[in-house]
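This report describes the surroundings of a bound ligand and a pocket elsewhere in the model.

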Amino acid sequence: MLPRAFSVTSALTALGLLLSACAPSSTPGSAPAAKTGAASANIEKQSVKFSHVVAEDTPKGKAAVKSAELVSQKSGGQIDVQVYANSALYKDAEEFDALQKGQVEFLAPSTAKFAATVPEWQVLDLPFVFASGREGVRKVADGPVGQELYAKLNKAGMQGLAVWDNGFRHFTNNKRQLRRPEDFKGLKFRVQGKVEESMMNALGGGAQVMAFSEVFGALQQGVVDGQANSWSNAYTQKFHEVQKFATIANSMNYLSYAVVTNKDWWDKLKPEVRQVFTDAMKETTTFEWGLAEKDNADAYDKIKASSKLEFYTLTDDDTKALAEAVKPVFAEFESKIGKDLVDKVRAAAS
Ligand code: LMR
């Protein structure tokens, strides 16, 4: 049996029923009105799946639901996007295979997770590339380098639809405050992917690539000492309840997502249907970028208010020392994904 999904159509149908029960049937805004619009007349009733690994109360979680609402609206209620949050349908390592097999239509993995499918997307995961913050990510995503990265997805049978934002990743751990490279020595970190693994090794720490859904348990049982993530992920996963120290690292690693679908499925869609998804994704992306920064600031405040963690903010000197120590990561990935691409992203992001 499929895990419970958020489905707009069932929510709208329930709402529609409620509205029509409360108001005479001709009132604008009741269910029948949703069926108007030439485009939807040509759209068969259908349902598709959007799977992701984070909590609903996160920028990505809210955006996935928003995209479902907009797709339903724009298709006159004909297209139902069923959203599966919290790895309910697929864990990190299963997502791409399911997309390729057509078992799910939409994913929004972190760019770190494209290591095995489209390694070039890891360029967005390189440390200190987005020291200028989210505007740098947006400049890359919306610019010629972004187009180049989308084209790489096509070669792997995927269609890129958008880049979503989730802010900088900050360190937490159970052993000691992290300020300089030497503080990472001997500690073991959960990492999302290969770039972060290489980074932790360059800092003298150990690293274990692990599915997001397993991180809380691994921190609680001491399988790993620490991790790095956005405040919204750390808060919604309760990492602060099983960690002691937090290092605010507002220049090191950025967490962004690539929203993807299966290219074959996408190319075979009726133009009206593809237009519905395209328009909905465009509005959703504006919505997602609009809330990510505030969501992370609110999550940070809640973690701070819990008094569970001892906080430290990296100084400029700390940052310089860390940036120096992780230089080998660039040498490694310039050879893996191409120095030209890395240089272009760095230039576009600055
Ligand atoms: C992680 O694995 O830590 C994140 O990529 C999860 C997510 O999708 O934000």
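A polar contact is a pair of N or O atoms within 3.5 Å; within protein, one must be able to donate a hydrogen and the other to accept it, and residues adjacent in sequence count only if both atoms are side-chain atoms. The model is predicted: local features need pLDDT of at least 70, side-chain atom pairs count only at pLDDT 80 or more, and totals for chains, interfaces and linings use all residues. Residues are numbered from 1 along each chain as its sequence is written, and side-chain values use heavy atoms, without hydrogens and water.

Three side chains place an N or O atom beside an oxygen atom of the ligand, at the distances below.

| Side chain | Distance to a ligand oxygen atom |
|---|---|
| Lysine 60 | 2.7 Å |
| Lysine 113 | 2.5 Å |
| Arginine 190 | 2.7 Å |

The protein buries 100% of the 270 Å² that the ligand exposes when taken alone (Shrake-Rupley method, 1.4 Å probe; for residues, only the protein chains shown count as cover). Residues around the ligand (a heavy atom within 4 Å) include Val53, Ser110, Phe212, Asn229 and Tyr257.

Helix α4 (residues 92-100) contributes three residues to the lining of the second largest pocket, the most of any element; helices (H or I, at least four residues) and strands (E, at least two) are DSSP runs, numbered from the N terminus. A pocket is an open set of points on a 1 Å grid over the protein atoms alone, where a 1.4 Å probe fits, with protein on both sides within 12 Å along at least five of seven lines; lining residues have an atom within 4 Å of a point. Among the 14 lining residues, Asp92, Ala93, Lys113, Gln192 and Val209 are closest to the centre of this pocket.
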